[in-house]
Amino acid sequence: MGGLWSRRNWLTLAALGGFASVAFGAFAAHGTQDPRAQELLRTGSLYGFVHCLATFAAAGVMPLGGARARFAAPLFLAGVLLFSGSLYALALGAPRMVGVVTPIGGLCFLAGWIVLAWAARGVDCA
């Protein structure tokens, strides 16, 4: 599958998301004294990092016979953008209205895990 949702692009975006997760986590620890901002940054960083790694896992499941994992990676990456991104934005002073997309990102994470489980059923373990 080429184009926008190629594995190369997923992996590139996941790696950049991992970078952002570490950067925002470091900012939570060293760049702000506001406890609410620190909590938002830490939560966004943790969920973002885990789901960037999950994107790598989805890419790894595909060649093992789990081709349906191609649907999980975009869900994970959308979740990172919506969930983690909205928490980062809120921590940096965005209006509270930005938080309305946070649960949508969480639903993307959940859907990605269900799709990855579905894809794992196609893996040939012989």
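The lining of the largest pocket contains twelve nonpolar, four polar and no charged residues; here Ala, Val, Leu, Ile, Met, Phe, Trp, Tyr, Cys and Pro count as nonpolar, Asp, Glu, Lys and Arg as charged, and the others, Gly among them, as polar. The pocket belongs to a predicted model, in which local features need pLDDT of at least 70 and side-chain atom pairs count only at pLDDT 80 or more, while totals for chains, interfaces and linings use all residues. Residues are numbered from 1 along each chain as its sequence is written, and side-chain values use heavy atoms, with hydrogens and water left out.

The volume of the largest pocket is about 260 Å³. A pocket is an open set of points on a 1 Å grid over the protein atoms alone, where a 1.4 Å probe fits and protein lies on both sides within 12 Å along at least five of seven lines; lining residues have an atom within 4 Å of a point. Grid points are joined across faces, edges and corners, and the volume is the space filled by probe spheres set on the points. There are 16 lining residues, and L13, G17, L77, V80 and L81 lie nearest the centre of the pocket. Two or more lining residues come from each of α1 and α3 (72-91), and α3 gives the most, with eight residues. G17 sits in helix α1 (residues 7-30) and counts as buried because its relative accessibility is 12%; buried means under 20% relative accessible area, exposed over 50%, and partly exposed in between (1.4 Å probe, protein chains only). Although G17 and L81 are 64 residues apart along the chain, their C-alpha atoms are separated by 8.6 Å.

Turning to the whole fold, the protein chain has four helices and zero strands, with helices (H or I, at least four residues) and strands (E, at least two) taken as DSSP runs and numbered from the N terminus. The C-alpha trace spans about 55 × 25 × 25 Å along its principal axes. Of the 126 residues in the chain, 37% count as buried. Among contacts with a separation of 6 or more, 73% are between residues 24 or more positions apart, a contact meaning heavy atoms within 4.5 Å.

T55 gives a view of such packing from helix α2 (residues 35-61). T55 counts as buried because its relative accessibility is 0%. Leaving aside residues up to four places away in sequence, T55 touches W10, A14, A73, F76 and L77. A73 also serves as a reference point for S6, which is found in the segment before α1: the C-alpha atoms of S6 and A73, 67 residues apart along the chain, are separated by 10.0 Å. S6 is itself buried, with a relative accessible area of 12%.

Aromatic rings offer another set of links, and a search of the whole structure finds five aromatic pairs. Rings of Phe, Tyr and Trp (its six-membered ring) pair if their centres lie within 6.5 Å; planes under 30 degrees apart count as stacked, over 60 as edge-to-face and the rest as tilted. The F24 and Y88 pair is stacked, because the ring centres are 3.8 Å apart and the planes lie at 15 degrees. This pair links distant parts of the chain, with F24 in helix α1 and Y88 in helix α3, 64 residues apart. F24 is partly exposed at 24% relative accessibility, whereas Y88 is buried at 8%. Elsewhere, ring pairs link Y47, F83 and F109 into a cluster.
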